[in-house]
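This report describes a single molecular structure for a reader who has the sequence and coordinates at hand.

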Amino acid sequence: MSNLPPLLLGRLNHVGIACVSIDDAVAMYGRLFGATVSRAAFDLPAQGVRVAFIDVANSQLELIEPLGDDSPIHGFLKKNPNGGQHHVCFEVKDIIAARDAMRARGATVLGTGEPRMGAHGVPVIFVHPRDTGGVLVELMQEPPEGHH
Ligand code: CO
């Protein structure tokens, strides 16, 4: 009855949240929710962001703030001066196959389309939000077992 292709989306790996200041965001998550950082802030120049992670029971929050003048987060913060939900990230079994499937299904992969190294040390791509109902979707290669 369904003509859908096989399910591409694996685990929800994280929700990306753009911040003016990671330090301020971490303080807020601590004060309001008792949450603590699971991975302290580090620079990810390949993506033009500084990143920190907060673990929750079944997923993670990825806090990102701009790194450098060319950071893609500057534009987002211009539209959302207090920060906000930036993207959702799903794991896929094979990032190249996922990239090719996105294109074959008519969606635009951002940048050159060549996967880039993401914050988890595995390759990622981003799918243009105009193709995904306004939500920036990150697809990441499934990390090796035990390294979620
Ligand atoms: Co992400």
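The text below treats model confidence, the metal site, the cysteines and three further residues.

**Model and confidence**

The model is predicted; local features need pLDDT of at least 70, side-chain atom pairs count only at pLDDT 80 or more, and totals for chains, interfaces and linings use all residues. Residues are numbered from 1 along each chain as its sequence is written, and side-chain values use heavy atoms, with hydrogens and water left out.

The pLDDT, the predictor's confidence in each residue on a scale from 0 to 100, averages 94 over the protein chain, and 97% of the residues score at least 70. Strand β5 (residues 84–92) has the highest confidence in the chain, at 98, and β6 the lowest, at a mean of 90. Helices (H or I, at least four residues) and strands (E, at least two) are DSSP runs, numbered from the N terminus.

**The cobalt site**

Four protein residues supply donors to the cobalt ion: H14 and H87 through NE2, and E62 and E138 through OE, at 2.0 to 2.2 Å. Donors are N, O and S atoms within 2.8 Å of the metal (3.2 Å for Na, K and Ca); water is not among the atoms, so sites may look incomplete. Along the chain the donors follow the spacing H-x47-E-x24-H-x50-E. One pair links distant parts of the chain, as H14 lies in strand β1 (residues 12–18) and E62 in strand β4 (residues 59–66), 48 residues apart.

The angles among the four donor atoms run from 84 to 170 degrees, and the site is irregular. Four donors count as tetrahedral if all angles lie between 85 and 135 degrees; four count as square planar and six as octahedral if opposite donors are over 155 degrees apart and all others between 65 and 115; anything else is irregular.

**Burial and cysteines**

Relative accessible area is classed as buried under 20%, exposed over 50% and partly exposed in between (1.4 Å probe, protein chains only). The table lists selected residues.

| Residue | Relative accessible area | Class |
|---|---|---|
| H14 | 0% | buried |
| E62 | 5% | buried |
| C19 | 4% | buried |
| C89 | 0% | buried |
| S71 | 5% | buried |
| V37 | 32% | partly exposed |

How many disulfides does a search of the whole structure find? The search finds zero, a disulfide being a pair of cysteine sulfur atoms within 2.5 Å. The sulfur of C19 has its closest cysteine sulfur in C89, 16 Å away, which is too far for a bond.

**Three further residues**

H120 lies in the loop between β6 (116–117) and β7 (123–127). Its side chain forms a polar contact of 3.3 Å with that of N13. A polar contact is a pair of N or O atoms within 3.5 Å; within protein, one must be able to donate a hydrogen and the other to accept it, and residues adjacent in sequence count only if both atoms are side-chain atoms. Not counting residues up to four places away in sequence, H120 touches N13, F53, Q60, M140 and the cobalt donor H14; contact means heavy atoms within 4.5 Å.

S71 is in the loop between β4 and α2 (73–79). The S71 side chain reaches the backbone oxygen of G48 at 2.6 Å. Apart from neighbours within four places in sequence, S71 is in contact with G48, V49 and P66.

V37 belongs to strand β2 (residues 37–44). Beyond residues up to four places away in sequence, V37 touches V26, F53 and I54. V37 and L61 are 24 residues apart in sequence, with a C-alpha to C-alpha separation of 9.5 Å.
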